[in-house]
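User: Hi! Could you walk me through how the pieces of this fold sit together?

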Amino acid sequence: ELAYAGDSSIVKELGVKYNHFFIYGGVGLGKTHLIQAIGNAVKTKYPGKVRPRYVSSEKFTSDIVWGIRNKRMEDIKQKYRNTDVLIIDDIHFIGGKERSEEEFFHTFNALYENNKQIIISSDRPPAAIPTLEERLRSRFEGGMIVDVTYPDYEMKIAIIHTKLQERRCALADDVCALIANKIQRNIREIEGIINKILFYQEVKHINP
């Protein structure tokens, strides 16, 4: 809820509120969905006026490698610095890659100094990324940091019903409760279990 509230505020006041915005949490909890939703909301609210760019840290690193090999680093710099909203996913993967860290550090500073919005996701908080350069860690810790925690029982039930509505299907309340109680962490597992149950319903005509 806090992450969503932050997302909504960012879209209303780009580069002003919560800049930069750092979301972290475990696997399958919706971090990528949240940060991509910001980009989609920005495109809807400011059509043709604001340039958002979403990129994974692996893609950022591969772009740096391409720029070095082809002596086109200036093009890469312009690609990432001529944007209004930079959204980078799984920043922890950049740790230990010296040239990528250095370039991201300078890109971060260039965007921040020009009041451009920066949004970052990771599977852990900045202080817990051991391979990250100290100067980058310090930058990250200076922004708005939000922890996407594991959902409670009620949230899992709501997710289950939403997934069922999307498929125009239904399951008994006790089955939904069993799924919510069994799955403690990874929300993707919920969707996988629902898919499996619905498959058995369709193929084997079993109605749990």
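**Helices and sheet**

Analyst: Happy to! Helix α7 passes helix α8 in a right-handed crossing, meaning the near helix is turned clockwise from the far one by less than a right angle. This is a predicted model, where local features need pLDDT of at least 70, side-chain atom pairs count only at pLDDT 80 or more, and totals for chains, interfaces and linings use all residues. Residues are numbered from 1 along each chain as its sequence is written, and side-chain values use heavy atoms, without hydrogens and water.

User: At what angle do the axes of α7 and α8 cross?

Analyst: Roughly 125 degrees, with the axes of α7 (153–166) and α8 (173–182) coming within 9 Å. Axes are lines fitted to C-alpha atoms, for helices over the stretch in contact, and angles run from 0 to 180 degrees between N-to-C directions. Helices (H or I, at least four residues) and strands (E, at least two) are DSSP runs, numbered from the N terminus.

User: Cool. Now the sheet: what's the strand order?

Analyst: The order is β2-β3-β4-β1-β5, an open sheet with parallel pairing; two strands pair if DSSP finds at least two bridges between them.

User: Which strands stand at the edges?

Analyst: β2 (52–56) and β5 (144–148) do; each has a single partner strand, so one side of each lacks a neighbour in the sheet.

User: And how many bridges join β3 and β4?

Analyst: Four, linking β3 (85–89) and β4 (117–122) in the parallel sense. I87 has I119 of β4 as its bridge partner.

User: What does helix α5 touch?

Analyst: Helix α5 (98–113) packs on the sheet, touching β3 and β4; contact means heavy atoms within 4.5 Å.
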